[in-house]
Amino acid sequence: MSEILLLLTVIVITYITGTVIEKNHYKSIIKREVALVKKPIINAGAKTWNSKKKIKKIELVSGEVVISGDYFKNFAATLKSFFGGRLTSFESVLDRGRREAVIRMRESAKGANFIINTKIESVMINNYYSNNSVPQCAIIAYGTAITYE
Amino acid sequence: MNKEIEKKYLENIENNVNVGKIDSGTEFIFLIIALFAIIGAFCMFTDNLISFCIDKISNETQVRLERAISFNIRNLSLANDADTGKLSAIVQKIVAMDPKLQKKSNFPIYVINNNKINAFIAPDGAIFVTSKLMDTIKNEEMLAFVLAHELGHYANRDHLKSVGKEIAKFIATVTLSGSNTTLETTLNGISDIHELKHSRKQEKKADEYAGLAIYKLYGSKKGGINFFRLIQNEVIGFWDIETRKI
């Protein structure tokens, strides 16, 4: 009985802290995304770039982020995997990670007009064979920044 | 930048389609309720099945099972100088009244050094009472109530039912949780909550048995009432309640 009480306490605490952290992160993401609306446009599909304008600079830009779900999210996902279905508690973690990586990539492409051939990759960095580990994910966004003269 | 594209982009920022709309806390509550219901149904089914099977087994099989799981008393701190003659005489009177208790065990009585009022019965019929209980309760009717309560558990075969349920619970937990310790703790915790309800039912049945036994022996149930008054007055902390066996 004491085990389940301890577990419930940890779950409640991590739910509250996780929710506050997530809300603040989303606020920051939305604010920065709105600020970047007119900054370098991402084109994920273009392998080549045809333009009559003269190109001043071409460079590799990247944004990286390591993000982790909290204990509550991990626990909720464990319960959900018992029944099956969408692991909604991790969807927000992945979404935050991806958007943060893209924002960082765009922020690093200062003065560029376009970022072409953008790719987003992710990798688990924790020991996923361990039952008690909380999933930690590294997300990398990279592309080629083009700056016109 | 094209204004339409800019507008669409800003809308996309606000309307995130990649994240589920349901709050994770709400979803968690639904999941816990569903798990609670499933485990509750499982516990109810196994409780009834095991109780049915244990009630049907013969006395010989009962004794064989009890020997197989008999309690190891070597680890307990026994009070060697305790006089258990009075308790043995009471036990023999109760055994003589109930055929369910006869020809199964001699019901030996041991006193263990412990500063809590407590008593319990081992699967092989050995009755253990604490030194604190011996020091506190001197009244014969009250002692008879405690002993009859423990014999009530034996007569109802609660020890075998509990072992059966623990085995069923272990198999179910290991099968469902795999090697996931978090899920195992959750399943164990939920099944423990269900078990509390069942445990209260067993205790109530043992109390009824004890009440009837002392009524037959002494013509009143005063021993039981006085015993409950006594333990009500004892300072029993929250954690003590969990370990209390009486």
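**Figure 1. A salt-bridge network in chain A of the predicted model.** Glu22(A), Asp70(A), Lys73(A) and Arg96(A) are linked to one another in a network of salt bridges. The model shown here and in the legends below is predicted. Over all chains, the count comes to 15 salt bridges.

**Figure 2. Layout of chain A.** Chain A contains three helices and four strands. Read from the N terminus, the order of its elements is α-β-β-α-α-β-β. The chain has 149 residues, and buried residues make up 41% of them. Of the contacts in chain A between residues at least 6 apart in sequence, 78% join residues at least 24 apart.

**Figure 3. A salt bridge between Lys80(A) and Glu27(B).** The side chains of Lys80(A) and Glu27(B) form a salt bridge, with an N to O distance of 2.6 Å. The pair joins two chains, because Lys80(A) lies in helix α2 (residues 71-83) of chain A and Glu27(B) lies in helix α2 (residues 24-56) of chain B. Lys80(A) has a relative accessible area of 16% and is therefore buried. Glu27(B) is buried as well, with a relative accessible area of 10%. The cut-off for a buried residue is under 20%.

**Figure 4. A salt bridge within helix α3 of chain A.** Glu100(A) and Arg104(A) form a salt bridge in which the closest N and O atoms are 2.9 Å apart. Both residues belong to helix α3 (residues 88-108) of chain A; they are four residues apart, so about one helical turn separates them. Glu100(A) counts as buried, at 4% relative accessibility. Arg104(A), at 36% relative accessibility, counts as partly exposed.

**Figure 5. A salt bridge between Lys161(B) and Asp55(B).** In this pair the closest N and O atoms are 3.2 Å apart. The salt bridge links distant parts of the chain: Lys161(B) is in helix α7 (residues 158-177) of chain B, Asp55(B) is in helix α2 of chain B, and the two are 106 residues apart. Lys161(B) is buried, with 7% relative accessibility. Asp55(B) is partly exposed, with a relative accessible area of 47%.

**Figure 6. Contact of helices α6 and α9 in chain B.** Two packed helices are described by the angle between their axes and the distance between the axes. Here the axes of α6 (residues 140-155) and α9 (residues 222-233) of chain B come within 8 Å and cross at roughly 85 degrees. This angle makes α6(B) roughly perpendicular to α9(B). On the α6(B) side, the contact is made by Glu141(B), Met142(B), Phe145(B) and Val146(B). On the α9(B) side, the residues are Lys222(B), Gly223(B), Gly224(B), Asn226(B), Phe227(B), Phe228(B) and Leu230(B). The residues of this contact comprise six nonpolar, three polar and two charged.

**Figure 7. The largest nonpolar core.** This core has 33 residues, and those that touch the most other members are Val91(B), Leu101(B), Phe107(B), Ile127(B), Val129(B), Leu133(B) and Leu151(B). Two or more residues each come from α4 (85-97), β1 (109-112), β2 (119-121), β3 (127-130), α5 (131-136), α6, α8 (181-218) and α9 of chain B. Helix α6(B) gives the most, with ten residues.

**Figure 8. Surroundings of Ile127(B), and a second core.** With neighbours within four places in sequence left aside, Ile127(B) is in contact with Val91(B), Phe107(B), Pro108(B), Ile109(B), Tyr110(B), Phe120(B), Ile121(B), Leu147(B) and Leu151(B). A second core, separate from the largest one, has 16 residues, among them Val102(A), Cys137(A), Ala141(A) and Ala145(A).

**Figure 9. Positive phi at Lys103(B) and Phe107(B).** Most residues other than glycine have a negative phi. Lys103(B), a residue other than glycine, has a positive phi, near 60 degrees. Phe107(B) is not a glycine either, and its phi is positive at about 50 degrees. Lys103(B) sits in the loop between α4 and β1 of chain B. Phe107(B) is also found in the loop between α4 and β1 of chain B. Lys103(B) counts as exposed, at 87% relative accessibility, whereas Phe107(B) is buried, with a relative accessible area of 2%. Phe107(B) is also one of the residues that touch the most other members of the largest nonpolar core, and Ile127(B) is in contact with Phe107(B).

Note on methods: Residues numbered from 1 in each chain as written. Chains lettered and ligands numbered in written order. Predicted model: local features only at pLDDT ≥ 70, side-chain atom pairs only at ≥ 80, totals over all residues. Heavy atoms only, no water. Axes fitted to C-alpha atoms, helices over the stretch in contact; angles between N-to-C directions. Parallel < 35°, antiparallel > 145°, perpendicular 65-115°, else oblique. Contact = heavy atoms within 4.5 Å. Nonpolar A, V, L, I, M, F, W, Y, C, P; charged D, E, K, R; others polar. Core = buried A, V, L, I, M, F, W, Y, C linked by side-chain atoms within 4.5 Å. Buried < 20%, exposed > 50% of the residue type's maximum accessible area, 1.4 Å probe, protein only. Salt bridge = Lys/Arg side-chain N within 4 Å of Asp/Glu carboxyl O.
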